[in-house]
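Visitor: Please pick one polar side chain in this model and take me through its surroundings in detail. Then place that site in the wider fold.

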Amino acid sequence: MDIKRKNYKPDKNNVGKEKSDGGEPVPVAKVKLRLDVKDVVRKGDGAAPEDNPLSRNGITLLYEDNHIIVVVKPQNVPSQADSSGDPDMLTVIKQYIAEKYGKPGNVFLGLVHRLDRPTGGVMVFAKTSKAATRLSEQIKSEDGDFEKMYAAVTFGRPYKTGKLEHYLFKDTQTNTVTVVPSTLDGAKKAISEVTLRDEKDGLSFVTVKLVTGRTHQARVQLKAVGAPIIGDRRYSPDKAPKAKNLALWAYKLSFSHPTTGDKMTFLAEPPSEYPWQLFDLVSLTDVIRPQNSSHYFD
């Protein structure tokens, strides 16, 4: 049963259930954002006040505790300070923590993974060195605890989907990545899993699971299979449709909490702008509510 999100208001005494004609509770509804944690986390818990460094820089706070902070990075904001001098995620979140908790001096914040500047979406930062170490270990591990999923709109249809393997080489002088033979010195193996979800007007809506985390990986691998990302000023051809922003979004992030071990999953829809609005974005973030769902956002 699919309940429209805007009309669904769960009974707090029977969260995630609805009476059927026979009077029996049945699972219902879909949710936009899910946290697989043992503790109850409700919408607004730990939400940042309106006037703070996060809101002033367009950053959305999804979750925060003593060990981690999860946010949605806006597009065109660097993950950490660079030569542009523009506000960056690491610095802004440190400012937020310092203001919220009145911490003097340099605030510790671990940058355990990055998103390219033009890419927006879900990121997790570590608030303690222990959390940073354990999250970094998950990222390096091959057991799949740390999972990053991206959505993209491409120019044309990828001639290959499923598991993609390439060797990539980064030119540090031009900050450009190319597909190269595996024998080239400095080449790094890149593995992604690509799924074609929809096609419209010569564009394709795809999801990408990054198995490795190379610079510009999704952008370069999709170009390599004939489907450069819309709005990619670096890798997309001039004949591709123009867009305000790069149509690449980190919509899902899953990992085990660094201290409790609880599995946590965060989802965030891409922005409602061209070319995203051509496709069903809700399908990315809808998940079926389980019967025991008191720790899920509504």
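Guide: The backbone oxygen of I191 lies 2.9 Å from a polar atom of the Q217 side chain, and the backbone nitrogen of R214 lies 2.9 Å from a polar atom of that side chain. The side chain of Q217 also makes a polar contact, at 2.7 Å, with the side chain of S192. A polar contact here is a pair of N or O atoms within 3.5 Å; within protein, one must be able to donate a hydrogen and the other to accept it, and residues adjacent in sequence count only if both atoms are side-chain atoms.

The model is predicted, so local features need pLDDT of at least 70 and side-chain atom pairs pLDDT 80 or more, while totals for chains, interfaces and linings use all residues. Residues are numbered from 1 along each chain as its sequence is written, and side-chain values use heavy atoms, without hydrogens or water.

Q217 belongs to helix α4, residues 217-224; helices (H or I, at least four residues) and strands (E, at least two) are DSSP runs numbered from the N terminus. Q217 counts as buried because its relative accessibility is 2%. Buried means under 20% relative accessible area, exposed over 50%, and partly exposed in between, with a 1.4 Å probe and protein chains only. Leaving out residues up to four places away in sequence, Q217 touches L168, A190, I191, S192, L210, V211 and T212, where contact means heavy atoms within 4.5 Å.

S192 sits in strand β11, residues 188-200. With a relative accessible area of 1%, S192 is buried. A second polar contact, of 2.5 Å, joins the S192 side chain to that of Q221. Both glutamines, Q217 and Q221, are among the buried residues of α4. Residues three or four places apart in an α-helix point the same way, because there are 3.6 residues a turn. Beyond its neighbours up to four places away in sequence, S192 touches G162, K163, L164, V208, K209, L210, V211, Q217 and Q221.

The helix as a whole is mostly covered, with 6 of its 8 residues buried. Besides the two glutamines, A218, R219, V220 and L222 are buried in α4. The cover over these residues includes β8 (147-155), β9 (162-171), β10 (176-179), β11, β12 (203-210) and β13 (248-256).

The backbone on either side of α4 also deserves a look. H216, in the loop between β12 and α4, has a positive phi of about 55 degrees although it is not a glycine. H216 counts as buried, at 6% relative accessibility. After α4 comes G226, with a positive phi near 80 degrees. Most residues other than glycine have a negative phi, and most peptide bonds are trans. Another non-glycine residue with positive phi is N175, near 55 degrees, in the loop between β9 and β10. N175 is partly exposed, its relative accessible area being 30%. Elsewhere, a cis peptide bond with omega of about 0 degrees joins Y274 and P275, and P275 lies in the loop between β14 (263-267) and α5 (282-285).

Now the nonpolar packing. The largest nonpolar core has 65 residues, of which V70, V71, I93, V124, F125 and F255 touch the most other members. Apart from it lies another core, of 5 residues, including L168, V177, A190 and V220. A nonpolar core is a set of buried Ala, Val, Leu, Ile, Met, Phe, Trp, Tyr and Cys residues joined through side-chain atoms within 4.5 Å. L168 and A190 also appear among the contacts of Q217, and V220 is one of the buried residues of α4. In the largest core, V70 is in contact with T60, L61, L62, Y63, V122, M123, V124, F255 and F266, leaving aside neighbours within four places in sequence.

As for the whole chain, its secondary structure comes to 5 helices and 15 strands, and 47% of its 298 residues count as buried. Of the contacts with a separation of 6 or more, 63% are between residues 24 or more positions apart.
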